[in-house]
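The following paragraphs lead the reader through a sheet and a helix that packs on it. The structure is shown first.

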Amino acid sequence: MTYAVVWASRGGNTEQVGEAIVQALAKTNGEPVFAGSVPAAGSAEEEALRSAGTVFAGSWTDKGDCDPALAALLAKLDGKRVFLFGTAGFGGDPSYFTRILDNFKTHLPENARLVGGAMCQGKMGAGVRKRYEAMLAEHPDDARAQAMIANFDAALAHPTADDLARIAAAAREALA
Ligand SMILES: Cc1cc2nc3c(=O)[nH]c(=O)nc-3n(C[C@H](O)[C@H](O)[C@H](O)COP(=O)(O)O)c2cc1C
């Protein structure tokens with residue numbers, strides 16, 4: 001049971017999830033062949049990753065989809081068992097996460113086998129809140145801006161220990 005854990009993370013949220021998966025899988029009988037950020041195309045690291053039977057692949061959410069570097073890697077996972085994970089700025093609605101993972105999935109070749117997936121919310125940069133604050137300053141009754149600020153503040157705690165434990169457990173189950 002060889003496996004790889006790979007992620008695209010700009011701010012560290014998705015990396016945290018990836019590291020939690022790495023730690024959880026280290027307690028299994030599986031054999032890790034790669035763990036880390038998306039390797040350069042054609043590199044020895046990418047070759048090692050592509051020797052894995054199961055690939056745990058994660059990304060931050062970039063306009064509803066995964067990072068383009070991860071998308072390019074997913075497209076090369078012919079015949080692999082694949083577990084998808086990710087983080088997104090918006091949370092609270094499980095169907096939102098499902099939609100995002102469905103978008104990630106579109107990058108996989110037809111003969112890759114999806115063996116699971118999990119996501120959680122992830123904190124956003126301070127500049128985002130400033131933009132919402134400016135919207136609210138201009139239109140103090142703007143319910144959408146108020147909701148965006150509430151979501152931003154809720155995201156600050158994520159990934160939580162519970163998020164990490166839930167996703168790591170799902171990943172372990174997928175390797176079994
Ligand atoms: C350019 C950009 C686009 C984003 N697009 C989305 C989006 O479409 N949906 C969403 O829920 N979050 C979006 N986010 C928020 C990030 O996906 C979220 O904060 C994520 O946890 C960042 O993960 P990272 O720390 O691993 O980079 C976006 C962030 C940036 C910077």
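The model is predicted: local features require pLDDT of at least 70 and side-chain atom pairs count only at pLDDT 80 or more, whereas totals for chains, interfaces and linings use all residues. Residues are numbered from 1 along each chain as its sequence is written.

Helix α7 offers a starting point; helices (H or I, at least four residues) and strands (E, at least two) are DSSP runs numbered from the N terminus. On the other side of α7 from its buried residues, A161 and D162 are exposed, while D163, I167, A168, A171, A174 and L175 are buried. Here a buried residue has 20 or more other C-beta atoms within 10 Å of its own and an exposed one 12 or fewer, those in between being partly exposed, with C-beta atoms placed from the backbone. The buried residues of α7 pack against β1 (2-8), α1 (13-25), β3 (54-60), β4 (81-88) and β5 (113-121), contact meaning C-beta atoms, placed from the backbone, within 7 Å.

Four of these elements are strands of an open sheet, in which five strands follow the order β2-β1-β3-β4-β5 with parallel pairing; two strands pair if DSSP finds at least two bridges between them. The edge strands, β2 (31-37) and β5, each pair on one side only. Within the sheet, β1 and β3 pair in the parallel sense over six bridges, and V6 stands opposite A57 in β3. On this sheet packs α7, which touches β1, β3, β4 and β5 and whose direction makes about 175 degrees with that of β5. Such angles run from 0 to 180 degrees between N-to-C directions, with axes fitted as lines to C-alpha atoms, for helices over the stretch in contact.

Definitions and conventions: Two residues are in contact if their C-beta atoms, placed from the backbone, lie within 7 Å.
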